[in-house]
Amino acid sequence: MTKKWFRIGMVSVFLLSLALRFWGLERFNTLVFDEVYFAKFGNNYLTHTPFFNAHPPLSQYMIGIGIWIGSHIPFWHDTVNGLTGSLRSPWTYRWFNALTGSFIPLVVTAIAYQLSYRRSFALLAGFFTACDGIFLVESRYALSNIYIVIFGLLGHWFLLLALDNQNRRRFWLVFAGIAFGASVGTKWNGLWFLSGVYLIWIAAWIIHLIHSFLNSKLFFASSSLKEAGGGESRGAGEAGEAGVSTYSPSSQTPLQNLTQLNIFQMLFYLGIIPALIYSIIWIPHLQLDKTYGFIAVHQQILKFHLQLGGNNPNVHPYCAPWYKWPLMTRPMAYYYQTAESITEPLPVMGPPLPAGAGQVIYDVHAMGNPFLWWFGLAAMLFLVGMLVSQPISLWVKEKRFSVPETLSVDTWIALYLVINYAANLLPWVEVTRCVFIYHYMCAVVFIFLAIAWFVDQCLRSYYQQLRALGVTITFIILAAFIFWMPIYLGLPLSPHDYKLRMWFNSWI
């Protein structure tokens, strides 16, 4: 793929994301789902109204900034309500999220490109991200999860840029630390993005140390052979038995430079700086609400979350434990209303009409693109299998444990995606409070990268069947996005068309 077509593709993906997020942004003139908290909280900062915030405040600052800017724009104020505490147009408290969410596919594209320098892989990653439903829904309303994801992804991108550019490494590491601090400053689970960085860094050092150990064994073995008159040629022949491969990849990835970062750099740039940014983020809120100090407010937040109850439908009908997320067995409705006809005004208040009375359904479903998630999970399992099979195949071939001298680019990509996916998913195993499908958003972006990598491998394959498989997967993902788009955008559906999209009862 040429640079020109790559740029055209990126612009197209961005415009698609932008159009879908801004279309009909003010249609539902009410507070949708957790807008009852976040939109109100954003407005509270503008009206200087103290309040208790059960999450770090950065996303509400962003929403408040959007409200302030939007209120000074002399259009898009056809519909207004006072549900935030002030008379506001829904557009004013939603547009900043829509704009921010539109950039997430571009950031994913940038990460994929920085990992591999393959334009096709990068463009597929951005395109698949743009074709997901839950990211579209979360971007269209004044909610907070978009900010966790984009700041966490920016932290990863800045880190890759730091690894790739030794002359400006400190510059990019500072920005990485700021981005990770901002992610945690949105919600505490933004910390898992940072934990993924530490885990891949530790993995890189383990691989480096294992190889150094095996190489030292080779050195002493070669010295003994020379003294015995075996010569250098025989010593070289023993390289495979000592566990050192002569594989040399045809391209590079910044991940190969992870061991250039020492523990002090990691702790300063990706420890102290994020902690400092996180602390600074709290200053405006603590100046507004002086009920609790910095330590006390964190104690109150922790107490709040511990009291939310167990992770079962008795607490909330849409509670979904972590193991239900990958297969998307329990998405949730953010908005559900019915009307007697499509010509009626959009229903925004009160319960839906009685069963059988409503002929038109308006549903905004926080649900991913099913085939994107399912194919992506299969691709992630494929990457796990690839990582496991490599040392096993070397063991069988060389009759002893060994590691390649230099890991291939695809092995590094697999390691990066698997570790970061696990880092953003597995901490939820120990969480006993009620959690929801949107908590999976930080992990599922690595699923998008995994399926993009797999499809790219298929499209670049010599075998026609694999190329056909890659094309088929891409079109199925696109077709699924179009098919389920009415419940992402809250378009009017007949009861039959609504049920047609609810494949399982657990989806309703």
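**Exercise 1. In this predicted model, find which strand pairs with β3 and over how many bridges.**

Solution. Start at residues 360-366, which form strand β3. Its pairing with β5 is antiparallel and runs over two bridges. For a concrete spot to look at, go to Y362: opposite it stands P492, in β5.

**Exercise 2. Work out the strand order of the open sheet, and say which strands stand at its edges.**

Solution. Step one is the order: the sheet has three strands, arranged β2-β3-β5, and the pairing is antiparallel. Step two is to look for strands with a single partner. These are β2 (332-339) and β5 (492-493), so each has one side without a neighbour in the sheet. Step three is to see what packs on the sheet. Helix α18, residues 464-489, does so and touches β3 and β5. The direction of α18 makes about 95 degrees with that of β3.

**Exercise 3. How many salt bridges does the structure hold, and which side chain does R94 meet in one?**

Solution. The count is three salt bridges. Here is the background idea: side chains of opposite charge can pair when their charged atoms come close. Now turn to R94, whose side chain meets that of E35, with 2.9 Å from N to O. Next, place both residues along the chain. R94 sits in the loop between α3 (58-71) and α4 (95-102), while E35 belongs to helix α2 (residues 35-47), so this pair ties together parts 59 residues apart in sequence. Finally, check how accessible each one is. Buried means under 20% relative accessible area. R94 has 0%, so R94 is buried. E35 is also at 0% relative accessibility and counts as buried.

**Exercise 4. Find the salt-bridge partner of D410, then say where the two residues lie.**

Solution. The side chain of D410 meets that of R118, at 2.8 Å from N to O. D410 is in helix α16 (residues 409-425), and R118 is in the loop between α5 (104-116) and α6 (119-130). The two are 292 residues apart, and the pair links distant parts of the chain. Both D410 and R118 are buried.

**Exercise 5. Take the salt bridge between D456 and R460 and decide for each residue: buried, partly exposed or exposed?**

Solution. First, find the pair: the side chains meet at 3.8 Å, N to O. Then take D456, which has 0% relative accessibility and so counts as buried. R460 has a relative accessible area of 49%. Exposed requires over 50% and buried under 20%, so R460 is partly exposed.

Conventions: Residues are numbered from 1 along each chain as its sequence is written. This is a predicted model: local features need pLDDT of at least 70, side-chain atom pairs count only at pLDDT 80 or more; totals for chains, interfaces and linings use all residues. Side-chain values use heavy atoms; hydrogens and water are left out. Two strands pair if DSSP finds at least two bridges between them. Helices (H or I, at least four residues) and strands (E, at least two) are DSSP runs, numbered from the N terminus. Contact means heavy atoms within 4.5 Å. Axes are lines fitted to C-alpha atoms, for helices over the stretch in contact, and angles run from 0 to 180 degrees between N-to-C directions. A salt bridge is a side-chain nitrogen of Lys or Arg within 4 Å of a carboxyl oxygen of Asp or Glu. Buried means under 20% relative accessible area, exposed over 50%, partly exposed in between (1.4 Å probe, protein chains only).
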